Amino acid sequence: MTRTQVTGGLVITAAEEIHADVLIEGGRIAALAVPGTQTWTAERTIDATGKYVIPGGVDAHTHMELPFGGTFASDTFETGTRAAAWGGTTTIIDFAVQTVGRSLREGLDAWHAKADGQCAIDYGFHMIMSDVNERSLKEMDWLVAEGLTSFKLFTAYPGVFFSDDGQILRAMQRAASNGGMIMMHAENGLAIDVLVEQALQRGETDPRYHGEVRKALLEAEATHRVIKLAQVAGAPVYVVHVSAQEAVAELARARDEGLPVFGETCPQYLFLSTDNLAEPDFEGAKYVCSTPLRPEEHQAALWRGLRTNDLQVVSTDHCPFCFVGQKELGRGDFSKIPNGLPGVENRMDLLHQAVLDGHISRRRWIDIACAAPARMFGLYGKKGTIAPGADADMVIYDPAAEQVMSAETHHMNVDYSAYEGKRVTGRVETVLSRGELVIDQHEFVGRAGHGAYLARGTSQYLG
Ligand code: URP
Ligand code: ZN
Ligand code: ZN
Ligand code: ZN
C-alpha cells in the first residue's frame, strides 16, 4: 500500500488546530503526529510548511446538468467535479430529480447514468421529490436503506417541482419513520407567481424584478410553514439556500424552542446583493437564482446565523447557465431566465476570505464547509475531518496566496464568474481524494471516474 506523508502544516478541523504531520495509507488517514516525533517511512512526502492542511470541502448542494427552464445547467459531472477539486472540494451531493408521473428510482437511475464514471471526486445524491404519492412514499424507505437519505421538496415552482402542504406533511411523516432528512426550498411559489404575472403586465421585465417579486416575506412565510409542518410530523427539516434575514429569524426561533431545524446558506447570499441583479444591459441575469439575492443588509443576519449556529452549512447551489444562449432566454421576461449561479469552485476561497474579514473563525470555516455538511448528510467520520480512519480527502491550502476570481481563469464550464474581479487571499495548492492527487501544486492530475458514489448514512446531526 502506498504511504504518503504531509508534513509541517497547520491541520485545521472543526474541532481543533494543531501543527501535525499526517500519514496516509490505503486512501485513508492512518495517523497524525507532532512534527519531529514520528519515524514513519513513506513513498511520497508533501511539504506543507507554512500552509494549512484542511479536510476536503463537502458541497452538499450542486446541480450538474440540471434540466431547468428549457435548458440544462452547463457543467457536466465531469467538468463540474473537476472545477470543484480546483476549488478544494472533494465531495459533492447533487440532486437527482423525480419527474412528475415517474418513480424516484427512475430519477435516480437517470442521475447515475449522468454521473457514474465521470466524476473526479466522490459524489452522492439527494432526491428531488416532485410527485409525492403512495408509491413514491414507499420508495423513500427503500432509498434510505440504500444510502440515499435526503429528499428535497419545494413550496416554490408551481407546475414543476412544487408540492402542496399535504404532500410535504406526508413526506415529512415518512422521513420521521425512516430516518430520512427533508430538505425544503421555502418560498411561497403560488403567491410569487401572482406577483410575477402582475409585474410583467406592468412591463417590469428586467432581471431586477426577479428579486422584487420573490419577496423576503414570502421566504419567511414558507420557512415558518415548513417548520410547523415538520413539527407536526415529528421530523427534522433542513431549509436550503436561506437568503432573507426574516427566514433566519424563523430558524433561530424554532431552534430556541429546541426543534431539530437546520439551515443552509450560500456564498452568493453572503457576498452578492440586489445591486448585482440591477446591473444594466441585462447583466443582472447572471445573478438570477432562487431564493433571490437580497439587499445587502440581509448579509449581516446570515453571517450572525453562521456564527451562532442558527445556520449550519454553506453550500453553493452550483447551477450554472451561460450568459450567452442560456441566461439570454429571459431577455424581455425575467421569469424565463434560468435560475442558478455558478460557484462550486469559489466556495472554500470565499469562506476563507470571510475568515480574514472577521466574519467567522478558521475552525468555523471548516465546520460550515466540511464537517457540518458531512454530519448533516451522514458522511461524517469518512468525510469532513482529518482523523485516523477518515478518507484522505485533504487540501493543502496557502493562506497567503492572492488571487483574482475570473471567468478567464476558472474551471467551471460557464462563460462568466459571479465574482469577476474579486480579490481574495488564500488559494488551494494541492488536493488529495482518498489519498490520490487530484490537484498537484496548481496542476490538475485527477481523472474522470476516480470519484466514487457515496452511499450515506442517516443524518448524524440528530444524535
Ligand atoms: O436558482 C436556483 N437555486 N437553481 C437551482 C434550483 C434550486 O431551487 O435549488
Ligand atoms: Zn502556527
Ligand atoms: Zn431550491
Ligand atoms: Zn438548488
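# A tour of helix pairs, core and loops

Helices α12 and α13 are roughly antiparallel to each other, because their axes cross at roughly 150° and angles over 145 degrees count that way. This is a predicted model, so keep that in mind at every stop.

**Stop 1: α12 and α13**

Select residues 347-356 for helix α12 and residues 362-376 for helix α13. Their axes come within 9 Å. The crossing of α12 past α13 is right-handed. Now show the side chains at the contact. On α12, pick Arg-347, Met-348, Leu-351, His-352 and Val-355. On α13, pick Arg-362, Trp-365, Ile-368 and Ala-369. Colour them by class: 6 are nonpolar, 1 is polar and 2 are charged.

**Stop 2: the largest nonpolar core**

In soluble globular proteins, nonpolar side chains tend to be buried together. Here the largest nonpolar core has 142 residues. Which of them touch the most other members? Select Val-53, Ile-182, Val-226, Ala-230 and Val-237. Keep α13 on screen too: with 9 residues, α13 gives the most to this core.

Now centre on Ile-182. Setting aside residues up to four places away in sequence, Ile-182 touches Phe-151, Leu-153, Ala-171, Met-172, Ala-175, Ala-230, Ala-235 and Val-237. Ala-230 and Val-237 appear in this list, and both also belong to the group that touches the most other core members.

**Stop 3: α7 and α8**

Two packed helices are described by the angle between their axes and the distance between the axes. Try that on residues 216-233, helix α7, and residues 245-256, helix α8. The axes come within 7 Å and cross at roughly 20°. Parallel or antiparallel? Angles under 35 degrees count as roughly parallel, so α7 and α8 are roughly parallel to each other. Their crossing is right-handed.

Show the contact next. From α7, select Ala-216, Leu-217, Glu-219, Ala-220, Thr-223, His-224 and Ile-227. From α8, select Glu-246, Ala-247, Glu-250, Leu-251 and Ala-254. The contact of α7 with α8 divides into 7 nonpolar, 2 polar and 3 charged residues.

**Stop 4: α3 and α4**

Go to helix α3, residues 134-146, and helix α4, residues 165-178. They pack at an angle of about 35°, and their axes are 10 Å apart. α3 passes α4 in a right-handed crossing. What makes the contact? Leu-137, Met-140, Asp-141 and Val-144 come from α3. Arg-170, Ala-171, Arg-174 and Asn-178 come from α4. By class, 4 of these residues are nonpolar, 1 is polar and 3 are charged. Ala-171 of α4 may look familiar: Ile-182 touches it.

**Stop 5: the loop between α10 and α11**

Select the loop between α10 (274-277) and α11 (298-308). Look at Asp-281, which is in this loop. Its phi is near 60°, a positive value in a residue other than glycine. Buried or exposed? Asp-281 has 6 C-beta neighbours inside 10 Å, and 12 or fewer means exposed.

Move along to Ser-290 and Thr-291. A cis peptide bond joins them, with omega about -5°. Thr-291 is in the loop between α10 and α11.

**Stop 6: Asp-317**

Select the loop between β15 (313-314) and α12, where Asp-317 sits. Asp-317 is not a glycine, yet its phi is positive, about 55°. How many other C-beta atoms lie within 10 Å of Asp-317? There are 28, so Asp-317 is buried.

**Stop 7: Gly-27 and its distant partner**

Pick Gly-27 in the loop between β2 (17-25) and β3 (28-33). Gly-27 is partly exposed, with 16 other C-beta atoms within 10 Å. Now add Gly-435. The two are 408 residues apart in sequence, but their C-alpha atoms are 4.3 Å apart in space. Beyond four places in sequence, Gly-27 is in contact with Asp-391, Ala-392, Arg-434 and Gly-435.

**Stop 8: Leu-432**

Finish in strand β17, residues 423-433, where Leu-432 is found. Leu-432 has 27 C-beta neighbours inside 10 Å and counts as buried. Leaving aside neighbours within four places in sequence, Leu-432 is in contact with Ala-392, Asp-393, Met-394, Leu-437 and Val-438. Ala-392 is also in contact with Gly-27. For the last selection, add Gln-198. Leu-432 and Gln-198 are 234 residues apart along the chain, and their C-alpha atoms are separated by 51 Å.

Notes
Residues are numbered from 1 along each chain as its sequence is written. Chains are lettered from A and ligands numbered from 1 in the order in which they are written. This is a predicted model: local features need pLDDT of at least 70, side-chain atom pairs count only at pLDDT 80 or more; totals for chains, interfaces and linings use all residues. Axes are lines fitted to C-alpha atoms, for helices over the stretch in contact, and angles run from 0 to 180 degrees between N-to-C directions. Helices (H or I, at least four residues) and strands (E, at least two) are DSSP runs, numbered from the N terminus. Angles under 35 degrees count as roughly parallel, over 145 as roughly antiparallel, 65 to 115 as roughly perpendicular and the rest as oblique. A crossing is left-handed if the near helix is turned anticlockwise from the far one by less than a right angle, and right-handed if clockwise. Two residues are in contact if their C-beta atoms, placed from the backbone, lie within 7 Å. Ala, Val, Leu, Ile, Met, Phe, Trp, Tyr, Cys and Pro count as nonpolar, Asp, Glu, Lys and Arg as charged, and the others, Gly among them, as polar. A nonpolar core is a set of buried Ala, Val, Leu, Ile, Met, Phe, Trp, Tyr and Cys residues joined through C-beta atoms within 7 Å. A residue is buried if 20 or more other C-beta atoms lie within 10 Å of its own, exposed if 12 or fewer, and partly exposed in between; C-beta atoms are placed from the backbone.
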